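Work through the following exercises with the structure open beside you, and try each task before you read its solution.

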Amino acid sequence: MATFPQRDLAALLDSLDSSARVVDRHLWLIDLLHWLRGDASSVSATVSRLTLLVDALQQRPATRSQLQAWWQVLLDTVDATALLADFGFASRSAFISEFFERLRLKLMPGTPETTDAAMLFSLTLNQRFDAQWISALDSALLARLAELLYAPVVRDRSSASAEPTPWQRTLMEAITFCTSQIRATGFSPELRQRMNGPARLGSPFHALAHDLEALFAALPGQGSNDPVALQRAQEHFAKQLDACRHAAATVYTHLDAHGISVGLVFQLRQLRARVQRIHALLDCLLSAQPHRQVAALMAHLVQVGQDRLSLRALVTANSSMLAAKVAERSSETGEHYITRDRAEYRTMLRQAAGGGAVMSLTTLLKFAILSMGLSAFWGGFFAGMNYALSFVLVQLLHWTVATKQPAMTAPAMAAKLKELGNPEAVEGFVDEVTHLVRSQVAAVVGNLALVIPCVLLISLTMQFGLGHPMIDSATALHVLHDLTFLGPTALFAAGTGVLLFASSIIAGWVENWFVLHRLDSALRYNPKITRVLGPCRADRWANFMRHNISGLAANLSLGLMLGLVPAFAVFFGLGLEVRHVTLSTGQLAAAAASLGVTVFHQSAFWWCVLGLAFTGVLNVGVSFYLAFQLALRAHNVVGVQREHIYTALRHRLRTALISFLWPKPEP
């Protein structure tokens, strides 16, 4: 039996055959839903089509009997319990496994030749529009549809002693399944050891199974006809479910203080969703007229079925806390890079000057590596190690490199936005922006003020000592060709800003991982380590790593990315390069030293100077923008009156431009 999506209602009803093959019966259902849905643009039109279908079946007794037989065969051949209890939930207990499972569901089509109710549901009700029109069905139409099917789902309990219907038994099995999943999650060691003491000692998960049995025992037909006892058992079970949810929620406090685990957040979200599913199933089970509750449950299943296919929703939902923690840790670090008075400003200049001096040595080693004629990968690897070790040296000497700051300072700025509840706070935020811009100017000026003379000094020393400058004239001309503003320098500089931002994310993630697994405590107290290092040295190493792990991760990852990303780009035929303002300035200074004072008469040199200016702006701007946007999402900053901020910034620029470059004198 082939599908004919454009068939009219009469043709659909004539083709109904309860004795057809499984695949043909399911294809008929898919066609019927396609006809009901129409062009999926009007809920009222779909409801009208369903009304027309019910009217037509009531006027055709033979077709109605065929539909009832078809419906009974469907209920007998598919497992509705798994659909009700597990549809929309992850089939994998780990975040990464679930990610690839969702990817498989998106890429591999399902088959209607199945007895899996979840598979059939996802093939028939496969649009978010289906949730809209199901939710719009009124009670009268639902009752007519239920009466038409003679489905157990809608049979009224005419007697308190009536045996549970097959539909009610299915609901009970689904509730039991969800309860067992909640208990399994609650007993997992990862959650138990992170619950607070009262939640763990209260053991709400232990009593959950017993309370469910008591609820089922109070149902009519299970030996009890007491509505009061049933109500009391229902309330007690619901209270126990909430106690389990609250006990699991105490894990968030531990995660917030000791590091975020995406896997644990994933399990906690699954547990909370299963508690909500049990409440929905109980509404369907205990309602005397469950039509509305069943329709609401079906609409919910459509929604979660669509959400289950979203990779973005999975990553966003389960990594939001990690993003917040990364932003928080970066914010704490970023506060140290913001200067607010002249003393701090001068300190920033000195630290940046020291970083510029180290970058002059980095420039020397860069050209030495280039002269070795290595392959793309090894050349990129050694260049990356050169950058990484230089950045680490700058960190250990408590100096700074300007372009590494924006990704740290942006989260600190975003944290200030949470305080913009009144107009007076806008001025304070503008003050922080002024401090930040001034700090970045000081860092860039400090870097460049020393990298240029140091490179020139090294080149002149090599000229007098070895008979040749740092680079020959051919290499110098090549540098002028590469760094010119007339080429793709702006694009490469923006790409380098992305790498700067990425290094801050890596740094925050590594620090979170370090804290989550308590590696500082392991370094301090692990017997194997203390036997090798001694207690005092182990304690010093633990303190050092705890305070420097973020910076080490940022510096190493940034250096390796600056060296290896262009090498990997060559593999794909992309002429991608990096443009770091301090390193590029050092290269231009080396080229000027090689070409002599005549270089100042060449327009190519001045195009390179303009390119360096844009490189600095794009390095800082792109990195800051990306980190700022991430921090806004992580802090859930919404409703900020941006126009007021922009107006205040423009006013500050007009009235106090110098404050963006030089701090006001102390009172």
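A residue is called buried when its relative accessible area is under 20%, exposed when it is over 50%, and partly exposed in between. The model used here is a predicted one.

**Exercise 1. The chain as a whole**

Task: Find how many helices and strands the chain has, and what percentage of its residues is buried.

Solution: Begin with the secondary structure, where you should count 29 helices and zero strands. Next, turn to burial: of the 667 residues in the chain, 47% are buried. Then look at the surface, which comes to about 32200 Å² of accessible area, with 63% of it belonging to carbon and sulfur atoms. Finally, consider contacts between residues at least 6 apart in sequence, among which 81% join residues at least 24 apart.

**Exercise 2. A salt bridge and its two partners**

Task: For the salt bridge between Asp24 and Arg21, decide whether Asp24 is buried or exposed, and do the same for Arg21.

Solution: First locate the pair, whose side chains meet with an N to O distance of 3.0 Å; a salt bridge requires these atoms to be within 4 Å. Then take each partner in turn: Asp24 has a relative accessibility of 8%, and therefore counts as buried. Arg21, by comparison with the cut-off of 50%, has a relative accessibility of 53% and so counts as exposed.

**Exercise 3. Salt bridges between helices**

Task: Among the 12 salt bridges of the structure, examine the pair Asp86 and Arg274 and the pair Arg546 and Glu511, and say in which helices the partners lie.

Solution: Start with Asp86 and Arg274, whose closest N and O atoms are 2.8 Å apart. Asp86 belongs to helix H5 (residues 80-86) and Arg274 to helix H15, so that this pair links distant parts of the chain, 188 residues apart. With 25% relative accessibility Asp86 is partly exposed, whereas Arg274, at 6%, is buried.

Go on to Arg546 and Glu511, for which the closest N and O atoms are 3.2 Å apart. Because Arg546 lies in helix H26 (residues 535-571) and Glu511 in helix H23 (residues 489-516), the pair ties together parts that are 35 residues apart in sequence. Here Arg546 is partly exposed, with a relative accessible area of 26%, while Glu511 is buried, with 9%.

**Exercise 4. The nonpolar cores**

Task: Determine how many residues the largest nonpolar core has, and which helix gives the largest share of it.

Solution: The largest nonpolar core has 84 residues, and those with the most contacts inside it are Leu84, Trp133 and Leu301. Its largest share, 11 residues, comes from helix H15 (residues 262-286). Now follow Leu301: once its neighbours within four places in sequence are left aside, Leu301 is in contact with Leu83, Leu84, Phe87, Phe121 and Arg277. A further core lies apart from this one and has 35 residues, including Val455, Met462, Val578 and Cys608.

**Exercise 5. Helix H19, inside and outside**

Task: Check whether the span of H19 agrees or disagrees with the value expected for its 21 residues, and then find what its buried residues pack against.

Solution: Take the span first: at 1.5 Å a residue, the 21 residues of H19 should span 30 Å, and since its end C-alpha atoms are 30 Å apart, the two values agree. Next, look for buried residues in H19, among them Gly379, Gly380, Ala383 and Tyr387. The buried residues of H19 pack against helix H18 (342-371), H26 and helix H27 (581-595).

Then turn to the surface, where Met372, Leu374, Phe377, Trp378, Phe382 and Phe568 make a nonpolar patch of about 620 Å². Helix H19 (residues 376-396) gives the most to this patch, with three residues. Phe382 is found in H19, and with a relative accessible area of 40% Phe382 is partly exposed. To finish, step just beyond the helix, where His398 takes a positive phi of about 65°.

Methods:
Residues are numbered from 1 along each chain as its sequence is written. This is a predicted model: local features need pLDDT of at least 70, side-chain atom pairs count only at pLDDT 80 or more; totals for chains, interfaces and linings use all residues. Side-chain values use heavy atoms; hydrogens and water are left out. A nonpolar core is a set of buried Ala, Val, Leu, Ile, Met, Phe, Trp, Tyr and Cys residues joined through side-chain atoms within 4.5 Å. Buried means under 20% relative accessible area, exposed over 50%, partly exposed in between (1.4 Å probe, protein chains only). Helices (H or I, at least four residues) and strands (E, at least two) are DSSP runs, numbered from the N terminus. Contact means heavy atoms within 4.5 Å. Patches are made of residues with over 30% relative accessible area and no salt bridge: like charges are joined within 9 Å, nonpolar side chains (Val, Leu, Ile, Met, Phe, Trp, Tyr) within 5 Å. Accessible areas come from the Shrake-Rupley method with a 1.4 Å probe; for residues, only the protein chains shown count as cover. The expected span of a helix is 1.5 Å times one less than its number of residues.
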